[in-house]
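Reader: I am new to protein structures, and I would like to learn how to read strands and surface patches. Could you take me through an example?

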Amino acid sequence: MKLNLNIQPLNTWLNINNEPLIISGPCSAETEEQLLTTAHLLAATGKVSVLRAGIWKPRTRPGEFEGIGSIGLEWLKRAKAETGLPTAVEVANAKHVEEALAAGVDILWIGARSTVNPFTVQEIADALKGVDIPVLVKNPVNPDLQLWIGALERINGAGITKLGAIHRGFSSYEKSSFRNEPMWELAIQLKTLCPELPIINDPSHICGNRELIPYISQKALDLDMQGLMIESHVDPSVAWTDAKQQVTPAALSELVDRLTVREPESTNEAFVDKLADLRSSIDKIDDILLQKLGERMAIVEKIGEFKRDNQVTILQVNRWDAIIKKGHAFAKALKLDLNFTEKFLELMHGESIRKQTEIMNAGKVAQGIAAEQHTEVAK
């Protein structure tokens, strides 16, 4: 099912100097000098289309730096006047929206901690009614696609048609190299549901460190995202917030130069024909895979019936361990990613358990229905 959003194309509401769209600036506006110096250095690269800066910062615990506040909007206004760069800030309530609009901010974005709360998003949406301004919506902190979609729908419902999404990764209990797990599949699902929706990647918040930013940036572009939001500071070593994930304007310029921008489609007939042939081969294999999965699940049902008739539990841990070990060995031989293989096996195993549970409980459900009917008759 496609999302029914009324959206204007990105290039009709934002003048992109170069492709991809680069939104950059400090995580937090700290001082007027810091912001203006960073802004001028970014503008001088010729690669940045929008200047961003955090004015209000939602912090996990009280007492931490929560942003410079409204005075930072005046610094942004001056930076815009001196560099010509349009400006963008995060808003988290109606008051933020009103102050940002009054200060002439060009683009607003809704942060991950706000997107997670429909009440907050609706408050922002209500404050935006009758206003013609671009709004970008970051994914919620937790991996919930419906929350992300709901936030986009609320803002669009307020009449905002210059609308985009920001993919900044999702929090996870599992420790990894990333501050926030990319979980690319959720961004891809959103793009599939609404192909016309611009999606900007935020590698700074995904990575949490500057070393991984080039890798994530390239992958985002390879997945046909329309741009990047990268935090930049004149001197990241003394940044008041998120020092490790900010880059200098010079480093940003080098990073952008190294990116490869690919086209989503090709008009080359030989390429199109070859791609169609390869996709046809994949389609045939997919058909066989689904057929084999159907055959596998038919056997699973027989196993479920056999276990039921012999009073044997559904789950046998030793059997599952054997499947995983065999799967790992087979994956290595076939040069398949072990993580992908394990997830695939877990999906099949989960469906097998569901089917066998259904079979085990079928008789009890029937007995329950019969008992209810008997009770009704007795009444």
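Author: We will go through one strand and its neighbours, and then turn to a patch on the surface. Please keep in mind that this is a predicted model.

Reader: Is strand S6 largely enclosed or open, and why?

Author: A residue counts as buried when its relative accessible area is under 20%. In strand S6, which covers residues 163-167, 5 of the 5 residues are buried, so the strand is largely enclosed by the rest of the structure. The cover is found on both faces, with Leu163, Ala165 and His167 buried on one side and Gly164 and Ile166 buried on the other.

Reader: Which strands pair with S6, and in what sense?

Author: Strand S5 (residues 135-138) pairs with S6 in the parallel sense over 4 bridges, and Leu136 stands opposite Gly164 there. Strand S7 (residues 199-201) also runs parallel to S6, to which it is joined by 3 bridges, and here His167 stands opposite Asn201.

Reader: Where does the chain cross between these strands, and is the crossover right-handed or left-handed?

Author: From S6 the chain passes through helix H8 (residues 184-193) to S7 in a right-handed β-α-β crossover. S5, helix H7 (residues 145-157) and S6 likewise make a right-handed β-α-β unit.

Reader: Which residues form the nonpolar patch on the surface?

Author: The patch is formed by Phe330, Leu334, Leu336, Phe340 and Phe344, which together have about 510 Å² of accessible area. Helix H13 (317-334) and helix H14 (338-378) each give two or more residues to it. Phe344, for instance, lies in helix H14 and is partly exposed, with a relative accessible area of 36%.

Definitions and conventions
Residues numbered from 1 in each chain as written. Predicted model: local features only at pLDDT ≥ 70, side-chain atom pairs only at ≥ 80, totals over all residues. Heavy atoms only, no water. Patch = residues over 30% accessible without salt bridge, like charges linked within 9 Å, V, L, I, M, F, W, Y side chains within 5 Å. Areas by Shrake-Rupley, 256 points an atom, 1.4 Å probe, with all protein chains shown as cover. Salt bridge = Lys/Arg side-chain N within 4 Å of Asp/Glu carboxyl O. Buried < 20%, exposed > 50% of the residue type's maximum accessible area, 1.4 Å probe, protein only. Pairing = 2+ DSSP bridges. Right-handed = clockwise from strand over helix to strand, strands pointing away.
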